[in-house]
Every structure is written in structure tokens, then in C-alpha cells.
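Please look over the chain shown below, and then follow a short series of questions on where some of its residues and strands sit.

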Amino acid sequence: MSAVAETTEGPIEVIQVLFALHPGFGAQELCGPLEILSKALHKIHDPNSKAFECTFASVSQGVTSSSGLTIKADIDIKTAHEDLNEYDVLIVPGGNGVDDVLKKNAEPLELIKAFAQLQTSDPSKERTLMSIGTGSLLLAQAGILQGLAATTHPDYYTKMEIICKDAARRGDLEQTDVMEENYVVNNARFELGEKLEENPFVLSKRPDGRRKSIARKGSNAWKESVKRRESNARRATLKLGGLRLITSGGITSGLDASLYLVAAMVSHESAQEVARVMQYTWNKGVTVEGIDV
């Protein structure tokens, strides 16, 4: 199902994205990231260089958001499990329905676990798992945030900490650093360059004046990975086999995290162009772990 975009320089592989939807998902937590990814281009002046192709998966053919928006799923969860290796990115929106998923221990929890396990067993492929808003509670319940940093909607910081602690007790007792941030990235790929002050992906000073961070703001990794082989052994030593893991706060934080994803997998210029077209100011988050490959 791999899609290919034709450009003047030949074919460019389209990045495959799977949205895992649950009843009561947040409509804007889906539509915001979807709009950003659908506008992203490998070459900003070439409309044929589409960067992402998105697929919706759910337990039922039609899934309804907490605000009443019904989406027709492209595939069911069973098919999503079967075809999981074909996807480069898994996105998990939050929403009011998250509580029911947690109570029933329902999908997409198993799908999230399977995607993370896929990266651990096969670190040769670059994969990304991203949650929007309270979708990070599902990642926490799935037990994949242990030993990592993450964020969620501000109203759910305490609940997030409780779920992470419970997951730690069930697992190997590694704790999760729940951060009050716009979005948090683990296992980023980035190019540092010779002059950090000129690197658009590095945050050297926080806007609120708090402690400095070595946060990286994206990379050209998707295109670069075609040109050279990443150190699989080095990636395999990272948590989750080097799975890039992004958690974001509220609705607009999901927009910001999606722009980061465009910058990370396509280019910083592409992310800036999408933000310009949408008349949106991109607010950066933080990257807590990364490898320079």
C-alpha cells in the first residue's frame, strides 16, 4: 500500500500514517493534525510531492467523536494489526472517550503495544508514535512510557502520573517523567550542525525564562535515511528500539507537535510553509533524548 509521489527528480516515498480512533475521540485532535499532514509537501512548490498519506482505523466502520462528528474508518483494528508494519507513524488522538478505553482496557491499547513492540523487534525502520492530548494516557496505560518523558492535557497531569506509576509497578519499576510542556519528544533524530545557535531545531532559551534546554526541533531524517544507513545497533540500545515518541498537550499543542513531525520527517521549510498557509504560529516543545546519526 506504499504510495509514491512523482516529482521532477523521480519518485519520493510517501510517509504512511495510521490514526487509531476510538469512540468519543476528540474531533479537533484528529482534524488538526490531519490538516497539517495533508498540506505537507516534500518540495514546497511541487503539489505532486505529497509527504503523508493518512489512514483511519477503528473497531467499527463508523466511529463518532465526543462532539458528534462521525468518521468512516478505512480499515478495522484487526486489519490494522495485520498491516501494522506498513505504517511509519501511528497517531493516537485523545478525547472524552479515553476514560472508557481505560476502564475497558480496550483498543487501541493493544495496537499501541504492538506498534511499540514492532520497533523493538525491528529497529532498522524509522517509526514514530504520537499522541494528542489525553491520548498519552493510553500510551501510559499500555506501559510504553516507562523510563521516558511525556506530557498530556494540563487538566490530566495528576491522572497521567497515577497511570504511569501503576504501569511502573506492573512493569520493571521505571518511572515516567511527566512534564508540563507543549509537546515532548523522545528518541529524536537530528542534525546538530557546527553552529548550534544557527540550528532551527535547537531551543537554547525557554520563552518563559525557565531553565535552558538542549531541545532539538526536528530533522531531515526521513530523506537522509534514504541516502545513508542509520546505526541500527545504536538505535536498538535506546528505549523502545529507538521509536520516536511524541506526546502533546491540548488541541493546539497537537498542531505544534504535528508541525514538529513534518519538520522531523520532511523538512523544517515544509513545516514553516504549512504554518504560513494556515496562518498559525508554531510554538515549540522540547526534545529530551536523541541520537545524532
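Q: In this predicted model, which helix holds Ser 136?
A: The model is a predicted one, and the assignment is read along the chain. The helix that spans residues 135–141 includes Ser 136, and this helix is α5.

Q: Is Ser 136 buried or exposed?
A: A residue counts as buried when its relative accessible area is under 20%. For Ser 136 the relative accessible area is 0%, so the residue is buried.

Q: Which residue has its backbone oxygen 3.2 Å from a polar atom of the side chain of Ser 136?
A: Beyond four places in sequence, Ser 136 touches several residues, among them Ser 131, Thr 151 and Thr 247. The backbone oxygen that lies 3.2 Å from a polar atom of its side chain belongs to Gly 133.

Q: Which residues of strand β16 lie on the side opposite Arg 244, Ile 246 and Ser 248?
A: In a regular strand the side chains alternate between the two faces of the sheet. In β16, which covers residues 244–248, five of the five residues are buried. With Arg 244, Ile 246 and Ser 248 buried on one side, the buried residues on the other are Leu 245 and Thr 247.

Q: Which strand pairs with β16 in the antiparallel sense?
A: Strand β9 pairs with β16 over four bridges in the parallel sense, with Leu 129 as the bridge partner of Leu 245. On the other hand, Val 185 stands opposite Ile 246, and the strand of residues 183–186, which pairs with β16 in the antiparallel sense over four bridges, is β12.

Conventions:
Residues are numbered from 1 along each chain as its sequence is written. This is a predicted model: local features need pLDDT of at least 70, side-chain atom pairs count only at pLDDT 80 or more; totals for chains, interfaces and linings use all residues. Side-chain values use heavy atoms; hydrogens and water are left out. Buried means under 20% relative accessible area, exposed over 50%, partly exposed in between (1.4 Å probe, protein chains only). Helices (H or I, at least four residues) and strands (E, at least two) are DSSP runs, numbered from the N terminus. Two strands pair if DSSP finds at least two bridges between them. A polar contact is a pair of N or O atoms within 3.5 Å; within protein, one must be able to donate a hydrogen and the other to accept it, and residues adjacent in sequence count only if both atoms are side-chain atoms. Contact means heavy atoms within 4.5 Å.
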